[in-house]
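Let's take a walk through this one together, from the way the chains are arranged down to the spaces between them. Have the viewer open as you read.

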Protein chains: 2
Amino acid sequence: MPDILHRVGINAKPERVHESLTTIEGLRGWWVSETKGDAKPGGTIDFGFCAMKVLEATPQRVRWRCISGPPEWVGTEVTFDLAWKDEQTIVLFKHAGWKEPVEFMHHCSTKWATFLLSLRDLLEKGSGTPAPHDVKIHVGD
Amino acid sequence: MPDILHRVGINAKPERVHESLTTIEGLRGWWVSETKGDAKPGGTIDFGFCAMKVLEATPQRVRWRCISGPPEWVGTEVTFDLAWKDEQTIVLFKHAGWKEPVEFMHHCSTKWATFLLSLRDLLEKGSGTPAPHDVKIHVGD
């Protein structure tokens, strides 16, 4: 099954990146402004258009499973692996479990890149571009 | 084998997008400033860090094969499918033929997203961010 993969390096300690992935306030700063719920292991995060169950949230890895949202997303898993290397936190991202490489998957791949750069901007510059003020990747996005 | 997939919508006619993919001047505007060579079918494009053989360049599809460059790239294929839809040119991008989902593949996936948005900016705003003035995605990039 095809996966969406990305990698960004962030000029911030892994603990700060981890916090942005495991707190509602953090997630509001780079992905979805209206995020609600519980971002700790076992909790469910409500991103409005989808909900994610938190499967894992160790210092090295944050992993969610989509439990509602776009049909193509339900059952898929999103993983962030964090490592300190070359004086930066390397984030290896994977959105796995897509059944088919549909056009929507292409769209989500590009969109995830912009959100990971939003995460980077949040940590390096103090503010990201979470939805609904996210980077637009097509007319009408 | 895993593929890198992306999708962007560009507020420009397919003919203009096609031109940016099939002329040296066009490619210099969004991917690599120092691009040289022949971007027509059968030609070889020299991007400095890699070279691509042009396998196909119809109005709907541009396809290259990497013939030199990073070892992980050699033999891989890059495809741009163009379609006019909802008053914009939809670009479906695929970089296929990776042997393994190595960390460098994650990096290239994110980087391709930024270059496709550079292509969009070139066509919509008149200038892109080709290398070496490309969007940086890690410290030291």
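**A small enclosed space, and what surrounds it**

Start on the inside: the lining of the largest cavity is made of A:Asp3, A:Ile4, A:Leu5 and A:Ser109, along with B:Asp3, B:Ile4, B:Leu5 and B:Ser109. Strand 1 (4–10) of chain A and strand 1 of chain B are the elements that each give two or more residues to that lining. Keep in mind that this is a predicted model. The space in this cavity comes to about 40 Å³, and the structure holds one cavity of 30 Å³ or more. Sorted by class, its lining has four nonpolar, two polar and two charged residues.

Now for the way the two chains are related. In general, two copies of a chain are related by a rotation about an axis and a shift along it. Here, chain A superposes on chain B after a rotation of 180° with 0.0 Å of shift along the axis, and the RMSD is 0.0 Å. That is what a two-fold axis does. How do the copies meet? 100% of the interface residues of chain A are also interface residues in chain B, so the copies meet through the same surface.

Next, the sheet. In chain B, seven strands make an open sheet, ordered 1-7-6-5-4-3-2, with antiparallel pairing. At the edges sit strand 1 (4–10) and strand 2 (36–37) of chain B, each of which pairs on one side only. Further in, strand 4 (residues 51–57) and strand 5 (residues 61–68) of chain B run antiparallel and are joined by six bridges. If you want a spot to zoom in on, B:Met52 stands opposite B:Cys66, which belongs to strand 5 of chain B.

Hop over to chain A to follow a run of partners from strand to strand. Strand 5 (residues 61–68) of chain A pairs with strand 6 (residues 77–85) of chain A in the antiparallel sense, over five bridges. A:Val62 has A:Phe80 in strand 6 of chain A as its bridge partner. A:Phe80 in turn has a bridge partner in strand 7 of chain A, namely A:Phe93. Strand 6 of chain A and strand 7 (residues 88–96) of chain A run antiparallel and are joined by nine bridges. Their hairpin has two residues between the strands, and A:Asp86 takes a positive phi there, near 50°.

So which helices lie across strand 1, strand 6 and strand 7 of chain B? One is helix 3 (residues 103–125) of chain A, which runs at about 85° to strand 1 of chain B. Another is helix 3 (residues 103–125) of chain B, running at about 15° to strand 1 of chain B.

Those two helices come back at our last stop, the largest pocket, where helix 3 of chain A and helix 3 of chain B are the elements that give two or more residues to the lining. The pocket holds about 330 Å³ of space. It has 18 lining residues, and the closest to its centre are A:Thr114, A:Leu117, A:Val135, B:Leu117 and B:Val135. Which element gives the largest share of the lining? Helix 3 of chain B does, with eight residues. By class, the pocket lining splits into six nonpolar, seven polar and five charged residues.

Conventions
Residues numbered from 1 in each chain as written. Chains lettered and ligands numbered in written order. Predicted model: local features only at pLDDT ≥ 70, side-chain atom pairs only at ≥ 80, totals over all residues. Heavy atoms only, no water. Pairing = 2+ DSSP bridges. Helix = DSSP H or I, 4+ residues; strand = E, 2+ residues; numbered from the N terminus. Contact = heavy atoms within 4.5 Å. Axes fitted to C-alpha atoms, helices over the stretch in contact; angles between N-to-C directions. 1 Å grid on protein atoms, 1.4 Å probe; cavity = no way out; pocket = protein on both sides within 12 Å on 5 of 7 lines; lining within 4 Å. Points joined across faces, edges and corners; volume = space filled by probe spheres on them. Nonpolar A, V, L, I, M, F, W, Y, C, P; charged D, E, K, R; others polar. Least-squares fit on C-alpha atoms with pLDDT ≥ 70 in both.
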